[in-house]
Every structure is written in structure tokens, then in C-alpha cells.
Amino acid sequence: MVEIWDNVIALALLKGYYEAGLIFIEVYIMKVAIIGTGYVGLPTGVGLAELGNEVFCVDKMEEKICALNAGELTLYEDGLEELFKKNVQNGRLTFTTNMAKAVIGADVVLLAVGTPPHPVTKEADLQYIYAAAEELAQYLDGYTVVATKSTVPVGTGDEIEAIVRKVNPQADVDVISLPEFLREGFAIHDFFHPDRIVVGANSKKACKVMQKLYAPFVGKTEFLWVKRKSSEAIKYASNAFLAMKIHYINEMADFCENSGADIHEVAKGMGMDSRIGSKFLNAGPGYGGSCFPKDTNAMAQMGRKYGVRLNLIETTIAKNDERKKEMAERVISKIKNNPQGKIAVLGLAFKGGTDDCRESPAMDILREMLEHSSNISVFDPKAMANAEKLLGARVTYAKDAYEACENAEIMVILTEWEDFKNLDLKRIRGLMKAHKIVDLRNMLQAEEVKKSGFEYSCIGMNS
């Protein structure tokens, strides 16, 4: 793990400041409470502790808190483990079920609880964040900034503030919006190298506190100070746009397959245009994960609430759902002559670098495949435990990619793990009963796969 601080910054932690040219930055040690220890709360807590703050992470799950205090991670995130253990051992990072212990005396309280989609309306379910606000309000003492890290609909900050003031009318508090932009699989990198830090606050006093908390990033990233409601909207608008970008490149991939163009070349040419950019132009089986499906649905629902028809977003949602079914049909069509032939599935997490299977395209495609086949073996480098919770005994769990491929009719790649780029194709060919590969993440080199004796199908090229 590369050291987060260079020598100048390390010295700043000891002296409380550093000077570099004309830049003068004070380093403040603050008490921070984080409510929620999931994929947002835990990396954020570790990052803030690494910056030298005293961080208390709160969760109601006693078993989870005991594991974390014992130095055991409860989720996988690349680069997290070393910093996590370091800051638990040095006492800067504490985990507790005791809200009072965390909140009393805190300078900043971050709300990082889940806002899952409602099963029927698909709008964000805010019961957990409202419950957390009601509980923490009674322990506020002295001036405190309560910052919403969770992705919440526009206007939620108003509701949180009303709850806090109802429970504790004497509280000296400001409620702000502090949207997170951490990519799963890259959360630690993104914490220390943010594209921007957005603060939605209706109070100058709250802004000054956030300037202190994020002082180490001054001169290293852009800060955007906006109204609270604007900040809440920025997160949804960003994720919805990225989801639309993914859907667009997937439509172009379908066009390329039928026209004879190559989506790799098309995407590269598009990405060279500075107005478009190269990110999120990787064709695949559709977007997924804990953010894009939830946030696009919530954005569409908010549009309806405020009388605005968000046609692009609503179309993206519908077509993304259709795409995953189409991807499953591609696989099933390859074994129509032997419906009970074994299918080897590589990749279960929604993307490489994480063990998160929530709204994973791989899992959705796999469920569709299970409607047609009961002979499926699966493997994922990190997500096997989470996948088993969702799939149970409906599939066979292999110890590695090679075991999954034994006697298989077809191998399917559903998640872009780097490990899959380096598979021993000669060995896999010897293990498989038939020699078909459906690569829905374009991980392999087409010519190399074909030279190895496989029938190869990928995304965005006429195989």
C-alpha cells in the first residue's frame, strides 16, 4: 500500500500546519461520528481516521460491531484492510452500538445509513435515516454539523432538520448535504483523490466546520459550496447521467454487432472528444450495483412528484432491465441443443473490486438463466459468500474458475475481474466438454480466444 501522506503532510500532522509556497493549511483534529458502517460509512470512517481525526462509527448490529472492533472487516474494498487495521490499532477508529458515545462532543455527525428503494414505488426508503436523525438528536451538545452522506431525495435535509429540532429544540445544529462520490472497488482511492467535494449548506458557520474537516484537500481538489437542495440534486443528476451514458454505449454496441463496426474502436473515438470523455463507455450487460438502479428510479419518481417527465431517465431504466434479459437469452441460445449442459459462470459481484452483489447485472442474468437451466456452476474472487445468501443451493459454488469450467458446455464472463483476463485458455479448453465462451464484459482478446479453439461471443462486435 502506497503511503497516503508524503513527508510534508506527515509533518503537518505533527505540527498542525504546513507551508508550501504561498499555501498555508492548518490541520484540525476533530471528533467525527458516522452512523452506518456499510460501503459508504466504513471507507469514509477509515479515511477520516487516517487524516488524524477521532472517528466513532455506529451500527445497530452488535455482531458486526464486535467483528470490526476485533479488526475484522465486514466487507471487501480494495486497499481498505491495511488502513482499517492501522487506525483501529492506533485508537483513532472506534466502532460502537452506543449512539450517545459517538455523538456527544462530536464536531460532525455523518449520516451514512441505507436508503434502499421501496419495493413497489421504487422511491428511496428514508425510514432508516429518519430513525437515525431522531436518535442522534437527543445527544447533540455544543455546536454540531449533521451531514447527510446517504443519497437522499431533494428536500430530505429539511425533514431531517425538522426531526432534530423537534426532538431537541435547544440543539445548536446545522444540517447539511455532503454527497458521496466513492466508487465501489475504488472507495479508498476516491476518498484520498476526490474529483470534487460538494457541500450543500445554508449556513456559513457549517461551511467553516467543513473547511476544517477537509483542510488536507485544499489545493488538491475542487470545492463546490451550494444550497442544500442543490447538493441533494447533484448526486442524483450525476448518477442518472452516468447510467444513461452506459445505456447509450450499450445501444451503440448492439448497432455495431449488426452493422459490422467494432464497439472498442467506436468508444475509443468517442472518448477522445473532450466533450464526451472516455469513462463509462465500456459496453456490457447493463448497469447495476447499489447506486445506479436505485438512484435512477428515485430520480424518475422525484420528477413525477414535481411534475417533470424525465423521459431519458425513464427510458434508460426500462431498457436496462430489458438488456439483462437479452443477455441471459444470448447464453441460453448457445446451449439450445443441450439444455441441461453445464454452464460455468465467472463473476457475481456487480463489478470487479467489490464483493457487493446488490442489483448486480450478473445476478439478474443468472436468475434468468436459472429459469432454463439447473446445471450452473459459479465462481467470483470475492463475492461468493454474498452470492450464496441470495442464490442458496440453486447453483454449484466452485473454488476457482477452472473448477467451474470442468465438463461445462459454455463459459460465461459476467463481472470484469482482472483475474479473468489472464485465464489459461488452453487449460480451460481441456477441462470443458464443449468449447464456447460468452464474454459479456469484453475481458478477453477475441483473436487469442479463437486461436485457442473456442467459439467466442462478446459485446459490440460481430463474432
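Q: What makes the pairing of Arg 309 with Glu 314 a salt bridge?
A: In this predicted model, the closest N and O atoms of Arg 309 and Glu 314 are 2.6 Å apart. The cut-off for a side-chain nitrogen of Arg and a carboxyl oxygen of Glu is within 4 Å, so the pair counts as a salt bridge.

Q: Why is Arg 309 called exposed?
A: Its relative accessible area is 58%. Exposed means over 50%, so Arg 309 qualifies.

Q: Is Glu 314 called buried or exposed, and why?
A: Glu 314 has 17% relative accessibility. Buried means under 20%, therefore Glu 314 is buried.

Q: Why does the pair Lys 421 and Glu 418 count as a salt bridge?
A: Their side chains meet at 3.5 Å, N to O. That value is within 4 Å, so the pair counts. Lys 421, at 45%, is partly exposed, and Glu 418, at 49%, is partly exposed as well.

Q: What joins Asp 158, Glu 161, Arg 165, Arg 228 and Lys 229 into one network?
A: Salt bridges that share partners do so. A search of the whole structure finds 26 salt bridges.

Q: How do you know that Asp 190 is buried, and what does its side chain pair with?
A: Asp 190 has 9% relative accessibility, which is under 20%, so Asp 190 is buried. Asp 190 forms a salt bridge with Arg 183, with the closest N and O atoms 2.8 Å apart. Arg 183, at 36%, is partly exposed.

Q: Why does Asp 439 have no salt bridge?
A: Asp 439 is buried, and the nearest side chain of opposite charge, Arg 441, is 7.5 Å away. A salt bridge needs atoms within 4 Å, so this pair does not count.

Q: What makes the link between Asp 439 and Tyr 456 a polar contact?
A: Their side chains come to 2.7 Å. The limit for a pair of N or O atoms is within 3.5 Å, so the value fits. The side chain of Asp 439 also reaches the backbone nitrogen of Asn 442 at 2.9 Å.

Q: How do you know that β15 and β16 pair?
A: Three bridges join β15 to β16, and the strands run parallel. Pairing needs at least two bridges, so the two strands pair. In β16, Glu 455 is the bridge partner of Lys 436. Asp 439 lies in strand β15, residues 436-439.

Q: What makes β13 and β16 edge strands?
A: The open sheet has six strands, in the order β13-β12-β11-β14-β15-β16. Each of β13 and β16 pairs on one side only.

Conventions: Residues numbered from 1 in each chain as written. Predicted model: local features only at pLDDT ≥ 70, side-chain atom pairs only at ≥ 80, totals over all residues. Heavy atoms only, no water. Helix = DSSP H or I, 4+ residues; strand = E, 2+ residues; numbered from the N terminus. Buried < 20%, exposed > 50% of the residue type's maximum accessible area, 1.4 Å probe, protein only. Lys, Arg positive; Asp, Glu negative; His and termini not counted. Polar contact = N/O pair within 3.5 Å; in protein donor to acceptor, adjacent residues only side chain to side chain.
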